[in-house]
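Student: I've got a model open and I'd like to learn how to read it. Can you walk me through it?

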Amino acid sequence: TTLFRSDNAEAEVSKLIKQFRQQDSVVVNAYPPVDTFQNMLTEKMRSVIGDADSVVCYLLDPLDKTNKDTLNGFCILNHSTVDAKHVDLLKKILLDKQNFVHSDILKNCTFLCDMIFRVYAKGEYADVMFAFYCDDCVVVCGDEHVNSDSSNMRKGILEIDRKSTRLNSSH
């Protein structure tokens, strides 16, 4: 089930769907042009991510409540330091203006966090949390937080985990 933040958004989507059904052509891109995207990350989040000097990746079991090692309330299965090459790739993915864009669509799912990248920079940190079951991402930096769809980032994030963190496991 998809919920909308406003009745107006639902009406606009319904109108677009009706228009697309009346056309014989294939819709190539239903998103607005890239230069109109506005990244929802706060200035502080962008600063911490952009200045990252180290990143630790935590693999989690969101349903396990028996383990005492937790991060943000989720059971830690394993953690490892991300190598420098992949820290740069993570920064590029997270700061891409096509990610963390505003949407009027709300997902109706439970956030079961599978992975957290804790990004450290200049004595501060941001937690970038992914729930792949519902393609959701939450970024927390101090008292600021942003929630966004993570489907654009999923492939790159999983590639970073596969290539970098498994090779440098601390567990």
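Student: How much of the protein chain counts as buried?

Tutor: Keep in mind that this is a predicted model. Buried means under 20% relative accessible area, and 35% of the 171 residues of the protein chain make that cut. As for the outside, the chain exposes about 10600 Å², with carbon and sulfur atoms supplying 51% of that area.

Student: What pattern does the chain follow along the sequence?

Tutor: Count the elements, then read their order. Here there are four helices and nine strands, and they run β-α-α-β-β-β-α-β-β-β-β-β-α.

Student: What share of the contacts join residues at least 24 apart?

Tutor: Start from contacts between residues at least 6 apart in sequence; in this chain, 64% of those join residues at least 24 apart.

Student: Let's zoom in. Is strand 6 mostly covered or mostly open?

Tutor: Covered, mostly: strand 6 spans residues 115–121, and six of its seven residues are buried.

Student: Which strands pair with strand 6?

Tutor: For pairing, look at the bridges and the direction. Strand 2, residues 54–61, pairs with strand 6 in the antiparallel sense over six bridges, and in that pairing Cys 57 sits opposite Phe 117. Strand 7, residues 124–131, is also antiparallel to strand 6, joined by seven bridges. There, Arg 118 of strand 6 faces Asp 127.

Student: How many residues lie between strand 6 and strand 7?

Tutor: Two, and the strands form a hairpin. Check the backbone angles in the turn too: Lys 122 has a positive phi of about 50°.

Key:
Residues are numbered from 1 along each chain as its sequence is written. This is a predicted model: local features need pLDDT of at least 70, side-chain atom pairs count only at pLDDT 80 or more; totals for chains, interfaces and linings use all residues. Side-chain values use heavy atoms; hydrogens and water are left out. Buried means under 20% relative accessible area, exposed over 50%, partly exposed in between (1.4 Å probe, protein chains only). Two strands pair if DSSP finds at least two bridges between them. Contact means heavy atoms within 4.5 Å. Accessible areas come from the Shrake-Rupley method with a 1.4 Å probe; for residues, only the protein chains shown count as cover.
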